[in-house]
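Me: I'm new to this one and would like to know how the labels people put on it are earned. Could you take me through it?

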Amino acid sequence: MTKSAIEQLVFMMDSAFYGDPERPTHSWHAVLVNLGSLQPDDWDWIPPGGRRTIRRLLLELGTCKYVCDNQAFGDASMSWETPGSVPAVDVTNRDDIVTWLREGHRRLRDSVAALADDALLFEARPSYWGEPREIRWQINTMIQHDLYHAGEINHIRALHQENDDDSD
């Protein structure tokens with residue numbers, strides 16, 4: 001039994017969410033790193049022509065983490081369509097949202113880390129997309145999801161703080 005692929009996926013999940021502890025100066029793309037540059041009034045600002053706030057992005061990101069973990073590794077009782085099935089969070093409290101988001105990430109990454117063998121990554125399990133998907137596909141999608149929203153958070157923040165720099 002080998003777990004090298006599982007260990008690599010867990011590393012990638014944590015890097016996309018927390019940043020790379022070995023290269024913190026190269027972690028600007030991670031979710032929590034981007035939250036560190038927010039000012040209080042950035043959370044609910046809507047860009048001209050936009051519809052989503054950073055608060056809304058984080059609530060969606062966290063909900064996906066909880067539902068993905070529950071569908072693939074739990075009893076599949078959580079879903080977008082079942083009100084109250086996802087653990088509640090005080091949507092008005094930024095610290096509570098971040099704590100809730102961290103817990104959702106911890107649950108999902110711990111479920112992945114607990115897989116006994118790399119071969120299980122090819123196992124199709126229930127997904128919040130409605131049909132069974134291979135675990136590796138679900139994990140890959142969640143890593144991409146973190147990075148996608150980290151970029152959105154960064155861009156909304158930069159527009160609001162008027163320091164959007166296209167030199168990167």
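**The cavity and what surrounds it**

Reply: Sure. In this predicted model, the largest cavity has a lining made up of M13, K65, H105, L108, I139, M142, I143 and D146. Helix 4 (94-113) and helix 5 (135-161) are the elements that each give two or more residues to that lining.

Me: What makes that space a cavity, and how many are there of 30 Å³ or more?

Reply: The word cavity is used because a 1.4 Å probe fits there but cannot get out. By this rule there is 1 cavity of 30 Å³ or more, and the largest cavity holds about 30 Å³ of space.

Me: Which element gives the largest share of the lining?

Reply: That's helix 5, with 4 residues.

Me: How do the lining residues divide into nonpolar, polar and charged?

Reply: You get 5 nonpolar, 1 polar and 2 charged. Lys and Asp count as charged, so K65 and D146 from the lining go into that group.

**One lining residue up close**

Me: Why is K65 called buried?

Reply: Buried means under 20% relative accessible area. K65 has 1% relative accessibility, so it counts as buried.

Me: Where is K65 placed, and what is K65 in contact with, leaving aside its neighbours within four places in sequence?

Reply: K65 belongs to helix 3 (residues 54-73). With those neighbours set aside, its contacts are F17, L101, G104, H105, L108, M142 and D146. Contact here means heavy atoms within 4.5 Å. Among these partners, H105, L108, M142 and D146 also line the largest cavity.

**The whole chain**

Me: What helices and strands does the protein chain have, and in which pattern?

Reply: There are 5 helices and 2 strands, and along the sequence they follow the pattern α-α-α-α-β-β-α.

Me: Why is the protein chain called as compact as a globular protein of that length?

Reply: The globule rule gives 15 Å for 168 residues, and the radius of gyration is 17 Å, which is close to that, so the chain is as compact as a globular protein of that length. As for its extent, the C-alpha atoms fill a box of roughly 50 × 40 × 25 Å along the principal axes.

Me: How much of the protein chain counts as buried, and what about its accessible surface?

Reply: Of the 168 residues, 43% count as buried. The accessible surface comes to about 9,200 Å², and 52% of it belongs to carbon and sulfur atoms.

Me: What share of the contacts with a separation of 6 or more comes from residues 24 or more positions apart?

Reply: Such residues account for 62% of those contacts.

Key:
Residues are numbered from 1 along each chain as its sequence is written. This is a predicted model: local features need pLDDT of at least 70, side-chain atom pairs count only at pLDDT 80 or more; totals for chains, interfaces and linings use all residues. Side-chain values use heavy atoms; hydrogens and water are left out. On a 1 Å grid over the protein atoms alone, a cavity is a set of points where a 1.4 Å probe fits but cannot get out, and a pocket is an open set with protein on both sides within 12 Å along at least five of seven lines; lining residues have an atom within 4 Å of a point. Grid points are joined across faces, edges and corners, and a volume is the space filled by probe spheres set on the points. The radius of gyration is taken over C-alpha atoms; the globule rule is 2.2 Å times the number of residues to the power 0.38. Buried means under 20% relative accessible area, exposed over 50%, partly exposed in between (1.4 Å probe, protein chains only). Accessible areas come from the Shrake-Rupley method with a 1.4 Å probe; for residues, only the protein chains shown count as cover.
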